Amino acid sequence: MKLLIYGALNIDLIYPVDHIVIPGETIKAAALEKSAGGKGANQAAAAANAGAEVFLAGRIGNDGGFLLSLLKPFGVNTEYVAAGKGSTGQALIQLDKNGQNAIVYYAGENGQITAEETETVIADFGKGDIISLQNELTQIPEMMKAAAKRGMVICCNPSPWDEKIRGYPLELVDIFIVNEIEGPALAELPQQTPAAKVLDALTKRFPGKEIILTAGSEGAYYGRDQAREKGNAVKVEVVDTTGAGDTFTGYYLAARLGNYSVPDALNIACKAASIAVSRKGALAAIPGKAEVF
């Protein structure tokens with residue numbers, strides 16, 4: 001089985017700051033760092049590092065060729081990444097002294113994907129293959145419908161959260177991977193709702209579907225109907241949380257493709273994400289297979 005990750009490729013502009021800026025405030029950054037990112041690129045690199053056969057689909061602009069060069073050492077197949085004439089997606093990242101971040105995102109070529117383009121890519125995949133989708137691209141509903149017609153297993157990571165997600169054909173999704181913000185939003189519960197209650201609400205709303213709720217230092221929770229599992233995070237010094245969720249997703253899907261059980265896959269993914277937050281950057285922070293397994 002193959003793993004198709006249809007997602008964004010971004011140029012990350014990282015500003016280390018003392019604290020996240022508040023409205024009306026001007027602060028000085030300690031540096032400016034330029035690196036590769038985007039949820040699609042991050043997840044693809046993580047899954048490939050974990051040993052999966054990974055195909056990445058998406059778009060870059062005339063300034064994004066270096067992103068493909070950075071992905072090659074991971075073993076990611078980038079034949080489905082198209083090049084447009086506009087700008088590659090950009091992420092402006094504030095990174096504070098505690099390792100927390102705030103991100104401003106510009107879609108660039110990620111926002112220029114067409115329905116015809118997605119159908120052409122997905123036509124090369126079939127029953128049992130997994131497609132992983134996020135919310136940094138256009139045409140997500142069309143991708144879900146095309147993948148369902150091909151009999152693919154659909155994984156949805158509704159990030160960044162947007163109310164329009166409620167209008168997507170979510171009944172086609174097989175696996176939801178959400179964090180402490182996306183989970184309550186999808187369940188229509190208040191933020192800060194306990195993880196167990198969010199999981200109960202989502203399993204009732206989406207019967208028969210797999211729900212994975214990541215919870216930072218608390219690890220990750222799994223639910224499917226009445227079944228429940230828990231994965232444990234590894235204690236580390238947090239340096240940078242950028243890309244941690246993508247590392248989790250890539251490693252989790254790769255582990256499941258590798259026939260690991262749900263509990264083992266959760267622990268593998270939690271360990272990979274824990275290692276990632278102990279390092280700076282997104283793509284550069286993703287651990288290798290030997291470190292995790």
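Select Glu33 to begin: in this predicted model Glu33 is partly exposed, with 26% relative accessible area. Now add Lys280, which is also partly exposed, at 44% relative accessibility. The two side chains form a salt bridge, 2.8 Å from N to O. Glu33 belongs to strand S3 (residues 33-37), while Lys280 sits in the loop between helix H8 (262-277) and helix H9 (289-292); the pair links distant parts of the chain, 247 residues apart.

**The sheet that contains S3**

Stay with S3 and colour its sheet. The strand order is S3-S2-S6-S7 in an open sheet of four strands with mixed pairing. S3 and strand S7 (101-106) are the edge strands, each pairing on one side only. From one strand to the next the twist averages 25 degrees.

Next, select strand S2 (residues 10-16) and strand S6 (residues 89-95). These run parallel and are joined by seven bridges. For a single position to label, take Pro16, which stands opposite Leu95 in S6.

**Strand S1 and its partners**

Move to strand S1 (3-6). Show the side chains: Leu3 and Ile5 point one way, Leu4 and Tyr6 the other, and all are buried. S1 pairs with S4 in the parallel sense over four bridges, and Tyr6 has Ala57 in S4 as its bridge partner. S1 also runs parallel to S8, again with four bridges; here Ile5 is the residue to pick, with Ser132 in S8 as its bridge partner.

**Helix H3**

Select residues 115-122, helix H3, where Ala115, Glu117, Thr118, Val121 and Ile122 are buried. Look down the axis of H3: the buried residues fall within an arc of 160 degrees, so they line one face of the helix. Turn to the other side of H3 to find Glu116, Glu119 and Thr120, which are exposed.

What do the buried residues of H3 pack against? Their neighbours are strand S1 (3-6), strand S4 (54-60), strand S5 (77-83), strand S8 (130-133) and helix H4 (140-149).

**Strand S5 and an aromatic cluster**

From H3, go to strand S5 and select Thr78. Thr78 is buried, with a relative accessible area of 15%. Leaving aside neighbours within four places in sequence, Thr78 is in contact with Leu56, Leu68 and Leu71.

The structure has seven aromatic pairs. The rings of Tyr80 and Phe125 have centres 5.6 Å apart and planes at 55 degrees, so this pair is tilted. Tyr80 lies in strand S5 and Phe125 in the loop between H3 and S8, so the pair ties together parts 45 residues apart in sequence. Are these two residues buried or exposed? Tyr80 is buried, at 15% relative accessible area, and Phe125 is buried too, at 1%. Add Phe55 to the selection: ring pairs link Phe55, Tyr80 and Phe125 into a cluster.

Then select Tyr260 and Phe293, whose rings have centres 5.6 Å apart and planes at 50 degrees, so this pair is tilted. Tyr260 is in the loop between helix H7 (244-257) and H8, and Phe293 is in the segment after H9, so the pair ties together parts 33 residues apart in sequence. Tyr260 is partly exposed, with a relative accessible area of 35%. Phe293 is partly exposed as well, at 38%.

**More salt bridges**

In total the structure holds twelve salt bridges. Select Arg228 and Asp200, which form one of them, with the closest N and O atoms 2.7 Å apart. Arg228 lies in strand S13 (residues 227-231) and Asp200 in helix H6 (residues 195-205), so the pair ties together parts that are 28 residues apart in sequence. Both ends are partly exposed: Arg228 at 34% relative accessibility and Asp200 at 33%.

Now pick Arg224 and Glu210, which meet in a salt bridge of 3.9 Å, N to O. Arg224 lies in strand S12 (residues 220-224) and Glu210 in strand S11 (residues 210-214), so this pair ties together parts that are 14 residues apart in sequence. Here Arg224 is partly exposed, with a relative accessible area of 38%, whereas Glu210 is buried, at 9%.

For the last stop, select Glu163, Arg166, Glu188 and Arg205: salt bridges that share partners join these residues into one network.

Key
Residues numbered from 1 in each chain as written. Predicted model: local features only at pLDDT ≥ 70, side-chain atom pairs only at ≥ 80, totals over all residues. Heavy atoms only, no water. Buried < 20%, exposed > 50% of the residue type's maximum accessible area, 1.4 Å probe, protein only. Helix = DSSP H or I, 4+ residues; strand = E, 2+ residues; numbered from the N terminus. Arc of directions from axis to C-beta. Contact = heavy atoms within 4.5 Å. Salt bridge = Lys/Arg side-chain N within 4 Å of Asp/Glu carboxyl O. Pairing = 2+ DSSP bridges. Axes fitted to C-alpha atoms, helices over the stretch in contact; angles between N-to-C directions. Phe/Tyr/Trp six-rings, centres within 6.5 Å; stacked < 30°, edge-to-face > 60°.
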